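The following note is offered to a colleague who wishes to examine this structure at the bench. The points are numbered for ease of reference.

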Amino acid sequence: HCPSREDLWVREGKILNPEKLFFDEKGSADIQLDCKDSIIAPGFIDVQINGGFGVDFSLATDDFRSGIDLVSQKILSHGVTSFCPTLVTSPPSVYHQVLPQISIRNGGAHGAGILGAHLEGPFISKEKKGAHPEHCLRTFEEGAFQDLLATYGSLDCVRIVTLAPEMKRSGEVIRELTKRGVCVSLGHSVANLSQAEEAVQHGATFITHLFNAMLPFHHRDPGIVGLLTSDKIPAGRRVFYGMISDGIHTNPAALRIAHRAHPKGLVLVTDAIAGMGLAPGRHTLGQQVVEIDGLNTYIAGTKTLSGSVATMDTCVRHFQEATGCSVETALEAASLHPAQLLGIEHKKGTLNYDSDADFLMLNDGLYVQATYIAGEEVWRRDSLGM
């Protein structure tokens, strides 16, 4: 269906059902805004972003809070209205220092809302560590869940944990995390399909950047990728999967295969690193040095990809172009699906009545023209096209 031409009513930060206004209160709008034929879409939600603009969420710095504030402010221009700051594999001391400085908060003129941290590692596979430092990797030893708690220090602001499900005792860890409302994601892993299915049966609901840092699809054992068409997913449950749609991390054909196999599970993520928004050169990703060369980012001196410098709006445009999907489908992969993954679709990710009024105005090329949070304009492209 094509997007309809109609008004969007907003009051007190929420999207309003205008019937109530017309019939009960006989009211009308206080402020009217001409959207000049823009597309109005829900704000984007980035559940995997390691930093940007010189800020690295995996570095314990004295000014960590001002760093997170800077990123949350700057990503408004990409259409991101809420996000999960993501930490790559780090020593326990880093989690203990950084996590207390991440607080879940609403967005506004100060920046995008923070939904909670995404901890990617250190309980991941050595073979598929990608850009994660090997000396910081850990396993679940005697304590299993207790080991995880000791490593992170606290789960207070943690929203997502990426782990490798083939690790011994991962099943009980997944159950404990899920019980506490933490979303478990499978990634950086050499798991086969039955290990992945077992993890989903224990409560895992997400796959970290599908195809990257996992065994490639093999027809006799499709590995984690096989979850997209598995018949062993518990009834009423959906497996979501992240994709870095930057034209580098996954070939457009792989993006199309995933999208056609399981369109309702696709979640666009940037996996952006500190160098996003900065000039090419050397930047950090936690404990590692990273070199940016065009849109490619590598661990310095290697050809190991290490995160991305693509912005969320770029990923949406590339996804739409690569798959030829409808505009709505492309926008939902960056809004509705991540909201469903986090169980917040009653508040975010749609333009339904009573949802938070986090929305974007985009032109037909899907370039962001303006960003609104709770009904307030927080960013607008100026007339010079800046």
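1. The lining of the largest cavity is made up of P42, G43, T81, K347, K348, G349, T350, D356 and D358. About 40 Å³ of space lies within that cavity, and the structure holds one cavity of 30 Å³ or more. The model is predicted, and the remarks below should be read accordingly.

2. Among the residues lining the largest cavity are K348 and D356, whose side chains meet in a salt bridge with an N to O distance of 2.8 Å. Both K348 and D356 are buried. A network of salt bridges links these two with K14 and D358, and D358 likewise lines the cavity.

3. How many salt bridges does the count come to? The count comes to 12. One of them joins E172 to R169, N to O at 2.9 Å. Here E172 counts as partly exposed, because its relative accessibility is 30% and partly exposed residues lie between 20% and 50%. R169 is also partly exposed, with a relative accessible area of 35%.

4. A further salt bridge is formed by D231 and K232, whose closest N and O atoms are 3.5 Å apart. Is D231 buried or exposed? D231 is exposed, at 67% relative accessibility, whereas K232 is partly exposed, at 45%. In contrast, K348 and D356 of point 2 are buried.

5. The UniProt record, an unreviewed entry, carries the annotation "binding site" for E120, H188 and H209. These positions span 90 residues in sequence, yet no two of their C-alpha atoms are more than 11.0 Å apart, so they gather at one spot. The annotation itself comes from the record and may be inferred rather than shown by experiment.

6. Where is H188 found? H188 sits in the loop that runs between strand 11 (183-186) and helix 6 (193-202). Its relative accessible area is 3%, so H188 is buried. Beyond its neighbours within four places in sequence, H188 is in contact with E120, I124, S125, K128, K129, G130, H132, A164, H209 and A213. Two of these partners, E120 and H209, share the "binding site" annotation with H188 in the UniProt record.

7. H209 lies in the loop between strand 12 (206-207) and strand 13 (240-243). H209 is buried too, with a relative accessible area of 4%. Apart from neighbours within four places in sequence, its contacts are Q48, E120, H188, M214, G242, I244 and D271. E120 therefore appears in the contact lists of H188 and of H209, and it belongs to the annotated group that gathers at one spot.

8. The largest nonpolar core contains 89 residues, of which I102, L163 and L177 touch the most other members. Leaving out residues up to four places away in sequence, L163 touches F123, I124, F140, V173, I174, L177, V184, S185, L186 and G187. Apart from this core lies another, of 15 residues, among them V47, L115, F206 and F240. I124, a contact of L163, is also in contact with the annotated H188.

9. The unreviewed UniProt entry also gives the annotation "domain: Amidohydrolase-related" for residues 39-378. Over that range the chain is 24% helix and 22% strand. The C-alpha atoms at the two ends of the range are 17 Å apart.

Conventions:
Residues numbered from 1 in each chain as written. Predicted model: local features only at pLDDT ≥ 70, side-chain atom pairs only at ≥ 80, totals over all residues. Heavy atoms only, no water. Core = buried A, V, L, I, M, F, W, Y, C linked by side-chain atoms within 4.5 Å. Buried < 20%, exposed > 50% of the residue type's maximum accessible area, 1.4 Å probe, protein only. Contact = heavy atoms within 4.5 Å. Salt bridge = Lys/Arg side-chain N within 4 Å of Asp/Glu carboxyl O. Helix = DSSP H or I, 4+ residues; strand = E, 2+ residues; numbered from the N terminus. 1 Å grid on protein atoms, 1.4 Å probe; cavity = no way out; pocket = protein on both sides within 12 Å on 5 of 7 lines; lining within 4 Å. Points joined across faces, edges and corners; volume = space filled by probe spheres on them.
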